[in-house]
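Please open the model in a viewer and keep the sequence panel visible. The tour proceeds by selections, each followed by a short account of what is found there.

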Amino acid sequence: MAACGVRRAVLSQAVSRFWCPQGHAPLRGRYTCVPNTGDRTTTSAAQGTPSACWVRISKHDAIGRNGRNFQNSQGGGAGAGGAAGGAAGGCLMAVVAFSLFSGPEEDGRAEVQRKEAEMIMLLKKAKLSVSRGQLEVASGLLHQAVVVAHQTHNHQAVIYAYSLMANLAYVQGQLDHAEKLFKAAMSFMLSGGMPQDDNAVIEMSLKLATIYAEQNKAELAEIGFRFCTESLEVKLQKHKETAVEDLTEEQEALRKDTRLLLGLCLDSRARYRASTLHLNQAGQDYQKALDICLQEQGHTHPQTLVLMSDLATILDLQGRHDDALALVQRAVDLSRSTGHPDQHVLLGNMAGILLHKGRLDDSVRFYLQALGLAQQAGDQEAVEKIHEGLQEVKKKKKKRRSQESTEDETNATQP
């Protein structure tokens with residue numbers, strides 16, 4: 001799978017949160033990143049959308065829900081474009097609430113209320129257009145909304161609109177424009193007094209890091225990922241200074257949100273490092289992300305199973321086929337018992353590992369199982385990858401028969 005496709009998926013993931021604390025809409029179905037393996041239906045961020053509790057949603061959906069809204073495995077809730085979502089409060093509610101206190105003098109209040117009602121309607125229409133795949137229409141509506149937000153000095157609405165515009169620019173492949181818009185949103189967040197280590201700022205920084213990865217700006221990407229992970233680790237260390245039983249409900253929610261965000265950062269960096277063939281570092285990041293997911297969300301959580309499969313992919317690429325098979329087998333078994341939405345992706349990944357172990361008949365069996373489920377799910381990308389894997393099995397079987405035939409002829413000619 002092309003490295004750029006992998007990196008694009010990393011941001012799709014960042015644009016639609018699945019690691020889910022405090023209510024972020026989970027995503028489904030991402031295909032794992034393995035550089036040009038050809039015979040693998042991998043489970044990582046390929047050119048589709050990532051996963052979250054990997055629940056598959058389209059790129060349009062990710063923006064429509066305003067991306068990365070941390071969501072618990074139990075609940076939902078929409079934020080405002082990922083990091084900005086937290087900053088903007090839940091969807092349009094923060095915009096509405098802010099408008100109640102942001103009017104000028106009494107004589108101008110009616111005009112301000114009219115403009116803010118117009119702005120809210122523009123934002124709603126933009127999100128509806130995105131859900132319908134009308135991206136150009138959505139872009140025009142968002143530009144109108146941000147103008148009105150500036151006119152009414154609605155700080156929350158400006159952040160919200162810029163975040164939606166940035167996400168939209170990203171999925172349209174306008175990376176430079178997306179970068180500028182994310183930076184603009186972050187600038188408003190910081191100028192409004194938000195601390196640099198606030199989770200919303202860190203999440204926005206993660207989006208920028210994934211854009212730099214997509215643009216092959218390796219140094220900036222690494223700096224961005226490092227800033228995210230180190231900032232979160234420092235915050236979590238401070239949380240450890242307070243005994244668990246002494247944490248308030250709000251503090252505990254923030255601790256979990258912060259830890260899951262760290263898991264997301266590690267997962268995103270792992271896929272980036274895998275795409276650049278830094279397999280040892282990728283494996284370390286995947287293992288840390290998996291540990292976090294196991295501790296915070298449990299061993300049957302959809303995200304946990306995807307991380308198991310992703311880590312198995314890295315082990316397989318490192319030649320550790322037995323370890324890889326054991327891990328992906330565990331993920332597949334759990335996916336069967338829990339009804340994982342992307343079971344076909346896990347099965348395809350297992351088939352690829354079996355192929356590398358030389359167990360060709362078993363590989364075909366699992367590829368065919370994966371194919372049936374992928375077709376039922378309408379996942380055309382997975383179907384294509386599975387067919388590529390089956391073709392690779394066919395080639396290896398042909399090569400094996402040729403070698404066996406040669407050996408038989410050699411043995412027949414020996415006295």
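A salt bridge, as the term is used here, is a side-chain nitrogen of Lys or Arg within 4 Å of a carboxyl oxygen of Asp or Glu. The model on display is predicted. Across the whole structure, a search finds 16 salt bridges.

**First selection: D323 and R320**

Select D323 and R320 and display their side chains, which meet in a salt bridge with an N to O distance of 3.2 Å. This pair satisfies the definition because 3.2 Å lies within the 4 Å cut-off. Are these residues buried or exposed? D323 is partly exposed, with a relative accessible area of 40%, and R320 is also partly exposed, at 41%.

**Second selection: D322 and K357**

Move next to D322, which forms a salt bridge with K357; the closest N and O atoms are 2.4 Å apart. The two residues are 35 residues apart and link distant parts of the chain: D322 lies in helix α14 (residues 321–338), and K357 lies in the loop between α15 (343–356) and α16 (360–377). D322 is exposed, with a relative accessible area of 53%, whereas K357 is partly exposed at 29%.

**Third selection: helix α14**

Now select the whole of α14. The helix has 18 residues and reaches 25 Å from its first C-alpha to its last, close to the 26 Å expected at 1.5 Å a residue. Which residues of α14 are buried? They are A324, L325, L327, V328, A331, V332, L334 and S335. To see what covers these buried residues, display the elements around them, including α13 (302–317) and α15. At the end of the helix, select G339, which follows α14 and has a positive phi, near 70 degrees.

**Fourth selection: helix α15 and the residues after it**

Continue to α15. Its 14 residues should span 20 Å at 1.5 Å a residue, and its end C-alpha atoms are indeed 20 Å apart. Of those 14 residues, 13 are buried, so α15 is largely enclosed by the rest of the structure. Just after α15, G358 takes a positive phi of about 90 degrees. Then select R359 and D362, whose side chains meet in a salt bridge at 2.9 Å, N to O. R359 is partly exposed, with a relative accessible area of 37%, and D362 is partly exposed at 21%.

**Fifth selection: a salt-bridge network**

Select E222, R269, R273 and D285 together. These four residues are linked in a network of salt bridges. Side chains of opposite charge can pair when their charged atoms come close.

**Final selection: the second largest pocket**

Turn finally to the second largest pocket, which has a volume of about 310 Å³. Of the 15 residues that line this pocket, those closest to its centre are L236, K240, R259, L262 and I292. Which elements give two or more residues to the lining? They are α10 (218–240), α11 (249–275) and α12 (279–297). The largest share, five residues, comes from α10. Colouring the lining by residue class shows six nonpolar, three polar and six charged residues.

Notes:
Residues are numbered from 1 along each chain as its sequence is written. This is a predicted model: local features need pLDDT of at least 70, side-chain atom pairs count only at pLDDT 80 or more; totals for chains, interfaces and linings use all residues. Side-chain values use heavy atoms; hydrogens and water are left out. Buried means under 20% relative accessible area, exposed over 50%, partly exposed in between (1.4 Å probe, protein chains only). Helices (H or I, at least four residues) and strands (E, at least two) are DSSP runs, numbered from the N terminus. The expected span of a helix is 1.5 Å times one less than its number of residues. Contact means heavy atoms within 4.5 Å. On a 1 Å grid over the protein atoms alone, a cavity is a set of points where a 1.4 Å probe fits but cannot get out, and a pocket is an open set with protein on both sides within 12 Å along at least five of seven lines; lining residues have an atom within 4 Å of a point. Grid points are joined across faces, edges and corners, and a volume is the space filled by probe spheres set on the points. Ala, Val, Leu, Ile, Met, Phe, Trp, Tyr, Cys and Pro count as nonpolar, Asp, Glu, Lys and Arg as charged, and the others, Gly among them, as polar.
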